[in-house]
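Welcome, and thanks for taking a look at this one with us. Below is a short tour, loop by loop and helix by helix, to read alongside the structure.

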Amino acid sequence: MFRQLKKLYLDHYLPYDQIVALQKQNFQAHLERLTEDEKQWWFKGVDVTCLEDIDKLPVRDSTDIISQQQLDPPYGMWRKGEIVFTSSGSINGVRKVFPRSLESYHRYIVNMVRGLENNGVNIGDTILTTDTGAMFSGHTAIEDAATHFLGVSRVRCGSPLLTEKLKTMNQYGVTVLSASPAKLLRMAKLKPKTLLSRPLKMVISAGGPIKHEEEIADAFGVNQIVNFYGSAEMSNIAWTCNRGHFHVNIDLCYINQGKYFTNLTNLPVFNYVQGEELKFSYKGTCACGSNLPTVDKMIVSIADRNHKD
């Protein structure tokens, strides 16, 4: 299984036309995994046989998913072997995901390996994520991707205090840090590069768009912040390469009009509103080696989606 998944995370180095073909192949495999209940709820009678048919489907958001899983089982009880959504029951509709099989979870995290591998993360590195409290959150998934696929060591800090996390980073020689955009900004105010005994190789902003990127990078003493853009429903959609370009995983997701997202790896999520619109295009092989398209512009339509913790 790992050999097959390793090919999946390295596929972005293939020629562009092969990546486009893989998008169609992954879509067909994704359709075969759907149950009739899932097809009925997402497709609403539309005959979906190709990627272009997705454009005809209703647009969905997190409120739709939470309402459906609470009010109309079995949508919220997907079959064994797939990741399922659970709701915290809060007014704000916080979502969580968890897998019912290890294989399903590995399909969920494998596209996060791309940004790690491309930026030189490997055996010998140590990662700390500041948001591992939520089981199978995007942050925990990044940590698992690093350890399961690249042999990276992980450390944990149980304290919510950012000063304690910095102490843990010094104690264990952390080289890779992953946090939400909001938490990175808060940590930056502590001037971490003056407190860390070992320079960081990589700082990951996981979730929505990041603000004050240059300020945060300077505070941590790194050349750039590596943005892992995505959500629980979509996993990693786009990531910053080692040359500073923002690549879209088009073989693992389908994006309708730049703002409606379909997961092609494991979760039945179609025409989903993330809260941002991506303008992207293929510009030839990137200097990093990837043949994925590059984001030209990101338009934020839902303010501060992931800038709160």
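Let's begin with Lys-44, which sits in the loop between H3 and helix H4 (62-71). This is a predicted model, and the chain around that loop holds 10 helices and 14 strands. Of its 309 residues, 54% count as buried. Contacts between residues 24 or more positions apart make up 63% of those with a separation of 6 or more.

**Lys-44 and helix H3**

- Lys-44 comes just after H3 and takes a positive phi of about 50°.
- General background helps here: most residues other than glycine have a negative phi.
- Lys-44 is a residue other than glycine, and its phi is a positive value.
- Helix H3 itself covers residues 36-43, and its buried residues are Glu-38, Trp-41, Trp-42 and Phe-43.

**His-212, in the loop before H10**

- Another positive phi in a residue other than glycine belongs to His-212, with a value near 55°.
- His-212 is placed in the loop between E6 and H10.
- Is His-212 buried or partly exposed? His-212 has 45% relative accessibility, so it counts as partly exposed.
- Across space, the C-alpha atoms of His-212 and Pro-181 are 9.2 Å apart, while in sequence the two residues are 31 residues apart.

**Helix H10 and its buried face**

- Which residues of helix H10 (residues 213-220) are buried? They are Ile-216, Ala-217, Ala-219 and Phe-220.
- Looking down the axis of H10, these buried residues fall within an arc of 160°, so they line one face of the helix.
- The cover over the buried residues of H10 includes strand E5 (176-179), H9 and strand E6 (202-207).
- After H10 comes Gly-221, with a positive phi near 75°.

**Pro-192, between H9 and E6**

- Pro-192 is located in the loop between H9 and E6.
- With 0% relative accessibility, Pro-192 counts as buried.
- Setting aside neighbours within four places in sequence, Pro-192 is in contact with Leu-166, Met-187, Ala-219 and Phe-220.
- Two of those partners, Ala-219 and Phe-220, are among the buried residues of H10.
- Pro-192 and Asp-218 are 26 residues apart along the chain, and their C-alpha atoms are separated by 9.6 Å.

**How H8 and H9 pack**

- Helix H8 (residues 162-172) packs with helix H9 (residues 181-188) at an angle of about 80°, and the axes are 10 Å apart.
- That angle makes H8 roughly perpendicular to H9.
- On the H8 side the contact involves Leu-162, Leu-166 and Met-169, and on the H9 side Lys-183, Arg-186 and Met-187.
- By type, the residues of this contact comprise 4 nonpolar, no polar and 2 charged.
- Leu-166 and Met-187, from this helix pair, are also in contact with Pro-192.

**The nonpolar cores**

- The largest nonpolar core has 59 residues, and those with the most contacts inside it are Leu-116, Phe-228 and Ile-237.
- Helix H7 (residues 138-150) supplies the largest share of this core, with 6 residues.
- Which residues are in contact with Phe-228? Beyond its neighbours within four places in sequence, its partners include Met-112, Gly-115, Leu-116, Ile-142, Met-202 and Ile-204.
- Also in contact with Phe-228 are Ser-205, Ala-206, Gly-207, Asn-236, Ala-238 and Trp-239.
- Another core, of 22 residues, lies apart from the largest one and has Val-155, Met-169, Leu-184 and Ala-188 among its members.
- Met-169, one of the members of that other core, is also one of the H8 residues that meet H9.

**Tyr-254 in strand E10**

- Tyr-254 belongs to strand E10 (residues 253-256).
- The relative accessible area of Tyr-254 is 12%, and Tyr-254 is buried.
- How many residues separate Tyr-254 and Ile-54 in sequence? They are 200 residues apart in sequence, yet 8.8 Å apart in space, C-alpha to C-alpha.
- Not counting residues up to four places away in sequence, Tyr-254 touches Gln-23, Leu-51, Glu-52, Ile-54 and Asp-55, and also Tyr-260, Phe-261, Thr-262 and Leu-264.

Technical notes: Residues are numbered from 1 along each chain as its sequence is written. This is a predicted model: local features need pLDDT of at least 70, side-chain atom pairs count only at pLDDT 80 or more; totals for chains, interfaces and linings use all residues. Side-chain values use heavy atoms; hydrogens and water are left out. Axes are lines fitted to C-alpha atoms, for helices over the stretch in contact, and angles run from 0 to 180 degrees between N-to-C directions. Helices (H or I, at least four residues) and strands (E, at least two) are DSSP runs, numbered from the N terminus. Angles under 35 degrees count as roughly parallel, over 145 as roughly antiparallel, 65 to 115 as roughly perpendicular and the rest as oblique. Contact means heavy atoms within 4.5 Å. Ala, Val, Leu, Ile, Met, Phe, Trp, Tyr, Cys and Pro count as nonpolar, Asp, Glu, Lys and Arg as charged, and the others, Gly among them, as polar. Buried means under 20% relative accessible area, exposed over 50%, partly exposed in between (1.4 Å probe, protein chains only). The arc is that of the directions from the helix axis to the C-beta atoms. A nonpolar core is a set of buried Ala, Val, Leu, Ile, Met, Phe, Trp, Tyr and Cys residues joined through side-chain atoms within 4.5 Å.
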